[in-house]
Amino acid sequence: MPRGPAYFASKGACIYCRAKGVRLTDEHVVPYSLGGSHVIREASCLPCADLTKKFEQRVARDLWGDARTAFNGPTRRKRERAKHIVIADPNDRQKKLTVPAHEYPAGLVFYKMGKAGLLQGMPENVDLSGLWQMVVIDDDERRRKFLEKHPGKLVLKFRHVPDAFAKLLAKIGYCHMLTMLDLDDFSAICLPYITGEKTNASYVVGGTLDEQRPEPENGYSLSTAVLGNPARLILVALVRLYANTHAPAYHVVVGDVAGTDSVARVIKKLGDVTTVSPTLSSPPQHWEPASLPIPYWKSS
C-alpha cells in the first residue's frame with residue numbers, strides 16, 4: 001500500500017452489491033475517522049455505504065470514542081468535539097470527574113485473536129470470537145501524569161463490539177485488495193461477513209497473540225499475502241491499525257483465485273507488494289495455515 005493520501009479508480013459498480021447505474025460514493029479503505037487516507041473513487045452505493053458506516057461508527061465511537069477525543073483523532077465534526085471527558089469516580093459512583101480531554105489517558109481497546117477459522121481448517125459455524133482477548137494500548141506518560149493528579153481515579157469507558165470490529169477489519173482487507181485487483185479477479189470469501197449475510201466473522205478474520213513492535217512512520221499498515229500454488233490461491237490482507245503503537249496485527253482471508261490463467265493475472269497485478277508463500281514457514285506466520293492445501297479447498 002503506497003503512503004497516503006492516494007486515490008484509486010472506480011470499479012464501475014458498487015464493490016459490495018455490484019449495483020450499476022446508481023449513485024456511488026467514495027470509500028475510504030481505512031475509515032477517515034481512524035486516519036484513513038486511501039480512497040476508492042465511486043465505490044459504494046448509498047444502502048451499502050450506510051451498512052458499512054454503522055459498524056465503522058460503532059468502533060470509532062463506542063470502542064475508541066474517548067481515545068479519539070483525547071488524542072484529537074480525525075473527525076468531520078470538529079466544532080462538536082468535546083473539550084472535556086466525564087468519567088465516574090471509582091470511589092463513589094454517584095460522583096463524576098470532569099477531565100480536560102488533552103489530559104485524559106484514554107486507551108485504545110483492541111481484540112487479540114488467534115488464526116482465522118478458515119486457516120485452521122475449522123468448520124464455518126465454529127465461532128472463535130469467544131477466545132479473543134482484550135488489550136488496552138495507551139500513553140504511559142499521560143497515564144502517569146493523570147494518576148499523579150487524580151490518584152486512583154482512572155476509569156476506561158468503552159463498549160464491547162467484537163462483531164463490529166471484525167466486520168471493520170474484513171472491510172479494510174477487502175478494500176485494500178481492490179486497490180490492486182478488480183471485482184472479477186477473485187471470489188470474495190470475506191464479503192458475506194461484511195454485508196451481514198453471514199455472521200461468524202472469526203472464520204475469515206484473525207490475528208496473532210504475539211506482542212508487536214511499533215512502526216513509528218505508519219499510522220496504519222496494509223499489505224498482502226498469497227497462499228497456494230499456480231492453480232489456486234488464497235488472498236490474505238494483513239492489517240495493523242495504529243501501527244505506530246504496540247497495536248495487534250490482524251489478517252483477513254479476502255478471496256480465492258482458481259485456475260492457472262486467473263492466478264497468473266492476479267500475481268501480475270499484485271506485483272512487488274505481495275508476499276508469496278508456496279511453502280509454509282516453520283513455525284507458520286500468523287496468516288499461514290497449519291498445512292497446504294487448506295481444508296477450505298477440499299470442501300468448496
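With a relative accessible area of 28%, D138 is partly exposed. Its salt-bridge partner is R143, and the closest N and O atoms of the two are 2.7 Å apart. R143 is likewise partly exposed, at a relative accessible area of 27%. This contact belongs to a predicted model, in which 21 salt bridges are found. Side chains of opposite charge can pair when their charged atoms come close.

A second salt bridge is found within helix α5, where K167 and D163 lie 4 residues apart, about one turn of the helix. Here the closest N and O atoms are 3.7 Å apart. The two partners fall on either side of the 20% cut-off for burial: K167 counts as buried at 18% relative accessibility, whereas D163 counts as partly exposed at 36%.

E215 and R240 offer a further case, their side chains meeting in a salt bridge with an N to O distance of 3.2 Å. Because E215 lies in the loop between β9 (205–207) and β10 (220–229) and R240 in strand β11 (residues 232–241), the pair ties together parts that are 25 residues apart in sequence. E215 counts as partly exposed, at 22% relative accessibility, while R240 counts as buried, at 7%. Salt bridges also join into a network, which links K11, D182, D185, R265 and K269.

Turning to the rings, the structure holds 10 aromatic pairs. One of them, formed by Y104 and F146, is edge-to-face, with 6.2 Å from centre to centre and 80 degrees between the planes. Since Y104 lies in the loop between β5 (92–100) and β6 (108–112) and F146 in helix α4 (residues 140–149), this pair ties together parts that are 42 residues apart in sequence. Both rings sit on buried residues: the relative accessible area of Y104 is 0%, and F146 has 3% relative accessibility.

The rings of Y174 and F186 have their centres 6.4 Å apart and their planes at 75 degrees, so this pair too is edge-to-face. Distant parts of the chain are linked by this contact, with Y174 in helix α5 (residues 162–178) and F186 in the loop between α5 and β8 (187–188), 12 residues apart. Both Y174 and F186 are buried.

Beyond these pairs, one aromatic cluster is formed by W64, F110, Y111, W132, F165, Y242 and Y250. Charge and ring also come together at F71, where R142 lies over the face of the ring, 4.0 Å from the ring centre.

How values were computed: Residues numbered from 1 in each chain as written. Predicted model: local features only at pLDDT ≥ 70, side-chain atom pairs only at ≥ 80, totals over all residues. Heavy atoms only, no water. Phe/Tyr/Trp six-rings, centres within 6.5 Å; stacked < 30°, edge-to-face > 60°. Helix = DSSP H or I, 4+ residues; strand = E, 2+ residues; numbered from the N terminus. Buried < 20%, exposed > 50% of the residue type's maximum accessible area, 1.4 Å probe, protein only. Lys NZ or Arg CZ within 6 Å of the ring centre and 35° of its normal. Salt bridge = Lys/Arg side-chain N within 4 Å of Asp/Glu carboxyl O.
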